[in-house]
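Let's take a walk through a protein fold, one piece at a time. Keep the sequence and the 3D view open while you read.

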Amino acid sequence: MTAWPQALNAYEFFLAERLREGRGGMPALRLDDRAVTYLEVDRLTAGFSNALNDAGVTRGDRILLVMPDGLEFAAGLLGTMRLGAVAVMLNPGLKPDALSAIVDLSKAAAAVVDPSHVDRFEAAGPSWRPFLVDPTTVEESSVGHPTEETAPDDPALWLFSGGTTGVPKAVVQTHKSLVNTTRLYGQASLGLSDSDVTLAVPKLYFGYATGSNLLFPFSVGASAVLFEEHPTPEALFSRIERHRPTVLVNVPSAINQMVSAPDAGSRDLSSLRLATSAGEALPVSLYHRWKDVFGVELLDGLGTAEMWHIFITNTVDDVKPGTLGKVVPGYEIKACDEEGRQVPAGEVGRLWVRGESLALGYYENPELTEEVFRGEWAVAGDLVSIDPEGYVTHRGRADDAIKVKGKWFRPQEVESVLLEHDAVKECAVVAVDDDAGLARPVAFVVTTTVVSEEELTDWALQHLEAYKHPRSVYFVDELPQTHLGKIDRGALKRAAH
């Protein structure tokens with residue numbers, strides 16, 4: 001167990017300490033039009049702490065952040081933590097009903113909303129009306145509100161459980177969690193140093209990016225590339241070639257788009273020393289395509305909102321394709337059956353994890369908190385197997401796994417095979433009930449050229465055990481996504497009926 005200080009505030013750890021180290025003039029953020037120093041970030045952070053304080057925000061209040069990636073987002077987040085308030089980061093593209101539900105749940109004292117999103121925020125019609133702060137009017141200040149002496153276990157931010165079905169739940173994370181994972185994963189497993197430059201596909205409202213493309217680099221005096229544009233392959237390639245990042249924070253859907261780009265082989269990714277993948281399962285075929293095209297090591301890993309960030313990962317010196325790697329030192333994991341008994345090595349069970357990044361629970365949801373948080377352990381919704389050497393293989397989500405003819409399998413097995421077909425650009429496999437009430441796998445496919453359902457079904461039968469092949473193939477223009485940009489499997493199941 002770590003000996004934590006009596007007072008711990010994430011703002012101090014991630015930003016104020018860089019100034020005390022004399023790094024104020026070093027680049028912290030690399031934007032499309034300029035570089036921003038640590039001192040500039042701190043001055044705007046001070047301005048946000050003053051503006052929120054003037055709005056009546058006090059320690060423990062929730063603050064909604066609805067902004068595109070940029071300096072204002074970083075300063076708004078750190079300024080919120082400086083006050084001891086709790087940051088609630090929202091995807092600006094949320095549907096009105098989801099946005100309204102989160103605002104009402106938060107009972108936020110204030111909402112920092114970019115002018116480009118105000119109309120959408122207002123149109124959502126939440127019954128709770130927080131004080132609106134326009135981030136573009138917040139002025140830099142050399143003197144900010146004094147840092148609150150928060151305790152390590154005080155809440156710092158809300159994350160939303162990233163499951164692929166259902167309404168997201170608010171996970172309350174602490175100052176200690178942010179610091180602990182940064183040390184164990186960001187600094188130790190990824191080996192970040194002040195010479196690194198990070199760039200992320202997911203936006204900052206997603207906890208995966210909040211850590212990997214803001215807090216982790218800030219903790220060592222490195223810099224992060226931020227941009228508002230949607231992360232198309234061209235948007236990513238051009239910024240990699242311009243800013244020369246050393247770490248690319250990626251997700252499987254974008255990895256697939258990047259390797260499938262017509263000019264992928266001619267793009268210069270030589271500045272990268274590694275790329276990470278998380279958020280959803282990485283098909284082993286996609287790992288090899290990435291390595292073949294770009295020659296950059298790709299580290300698949302797994303994290304949950306309940307533990308804030310990644311706690312299982314491959315590392316540059318230890319990659320086993322097709323697995324999530326091993327548990328990050330400082331955490332403990334096990335695979336258990338439904339009664340909580342640990343299953344033998346190699347067998348599939350539900351993932352249990354413990355460590356000092358454990359959340360406080362789900363906000364105002366004691367039943368779910370009791371179900372998931374078992375003492376020092378969090379029971380994840382992921383099914384895994386752990387081999388005798390400690391390598392973890394993801395076997396799907398407990399709510400996504402498919403059982404056909406008495407046999408379980410994960411949809412990613414089928415997706416990986418379909419993605420190997422030249423005509424398939426993206427795909428997702430879900431289970432639906434047939435007329436007899438039996439679960440059957442079906443596939444939703446985005447194609448690059450014309451291909452028939454029969455051809456894809458035959459392709460799957462050639463490469464998979466027969467019970468796993470998709471019984472139907474639906475051709476779509478795009479795959480629906482959840483609030484975190486993952487495939488919305490619940491929407492696909494509804495569409496298949």
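In what order do the nine strands of the open sheet with mixed pairing line up? Let's find out, keeping in mind that this is a predicted model.

## The nine-stranded sheet

Here is the answer: the strands follow the order β2-β1-β10-β9-β11-β12-β13-β14-β15. At the edges sit β2 and β15 (326–327), and each of them pairs on one side only.

Start at the β2 end. Strand β1 (residues 27–30) runs antiparallel to strand β2 (residues 35–37), and three bridges hold the two together. If you look for P27, you'll see T37 of β2 opposite. To get from β1 to β2, the chain makes a hairpin through four residues.

Now look at the other neighbour of β1. Strand β10 (residues 223–225) runs parallel to β1, with two bridges between them. Here R30 is the residue to find, since V225 in β10 stands opposite R30. Further along the sheet, strand β11 (residues 247–250) and strand β12 (residues 274–277) also make a parallel pair, joined by four bridges. In that pair, N250 faces S277 of β12.

## The seven-stranded sheet

There's another open sheet to explore, this one with seven strands. Its order is β6-β5-β3-β4-β7-β8-β18, and its pairing is mixed too. What do β6 (131–133) and β18 (361–362) have at the edges of the sheet: one partner strand or two? Each has a single partner, so one side of each is left without a neighbour in the sheet.

For β6, the partner is easy to track down. Strand β5 (residues 110–113) runs parallel to β6, and three bridges join them. One pair to look for is A110 with its bridge partner F131 in β6.

## A hairpin with a glycine

Next, jump to strand β20 (residues 377–386) and strand β21 (residues 392–397). These two are antiparallel and share four bridges. Across the pair, S385 stands opposite T393 of β21.

The hairpin here has five residues between the strands, and one residue to pick out is G390. Its phi angle is positive, near 95 degrees.

## Charged pairs

Time for some side chains. Opposite charges can pair when their charged atoms come close. How many salt bridges does a search of the whole structure find? The count is 28, and a few are worth a visit.

Begin with R34 and E40, whose side chains meet in a salt bridge at 3.7 Å, N to O. R34 is partly exposed, with a relative accessible area of 39%. E40 is partly exposed as well, at 25%. Then there's R59, which forms a salt bridge with D154; the closest N and O atoms are 2.6 Å apart. R59 lies in the loop between α2 (38–54) and β3 (62–66), while D154 lies in the loop between β6 and β7 (155–160), so the pair ties together parts that are 95 residues apart in sequence. R59 counts as partly exposed, with 42% relative accessibility.

E339 and R341 form a salt bridge too, with their closest N and O atoms 3.4 Å apart. Both E339 and R341 are exposed. Salt bridges can also link up into a network, and E17, R18, E21, R23 and D194 do that here.

## A patch of negative charge

Now for like charges. Which residues gather in a patch of negative charge on the surface? They are E453, E454, E455 and D458. You can find E453 in helix α13 (residues 453–463). With a relative accessible area of 34%, E453 is partly exposed.

## A buried phenylalanine

Last stop: F13, in helix α1 (residues 10–20). Is F13 buried or exposed? With a relative accessible area of 9%, F13 is buried, because the cut-off for buried is under 20%.

F13 also shows how the fold brings together distant parts of the sequence. F13 and S219 are 206 residues apart along the chain, and yet their C-alpha atoms are separated by 7.0 Å.

Definitions and conventions:
Residues numbered from 1 in each chain as written. Predicted model: local features only at pLDDT ≥ 70, side-chain atom pairs only at ≥ 80, totals over all residues. Heavy atoms only, no water. Patch = residues over 30% accessible without salt bridge, like charges linked within 9 Å, V, L, I, M, F, W, Y side chains within 5 Å. Areas by Shrake-Rupley, 256 points an atom, 1.4 Å probe, with all protein chains shown as cover. Salt bridge = Lys/Arg side-chain N within 4 Å of Asp/Glu carboxyl O. Lys, Arg positive; Asp, Glu negative; His and termini not counted. Charge placed at Lys NZ, Arg CZ, Asp CG, Glu CD. Buried < 20%, exposed > 50% of the residue type's maximum accessible area, 1.4 Å probe, protein only. Pairing = 2+ DSSP bridges.
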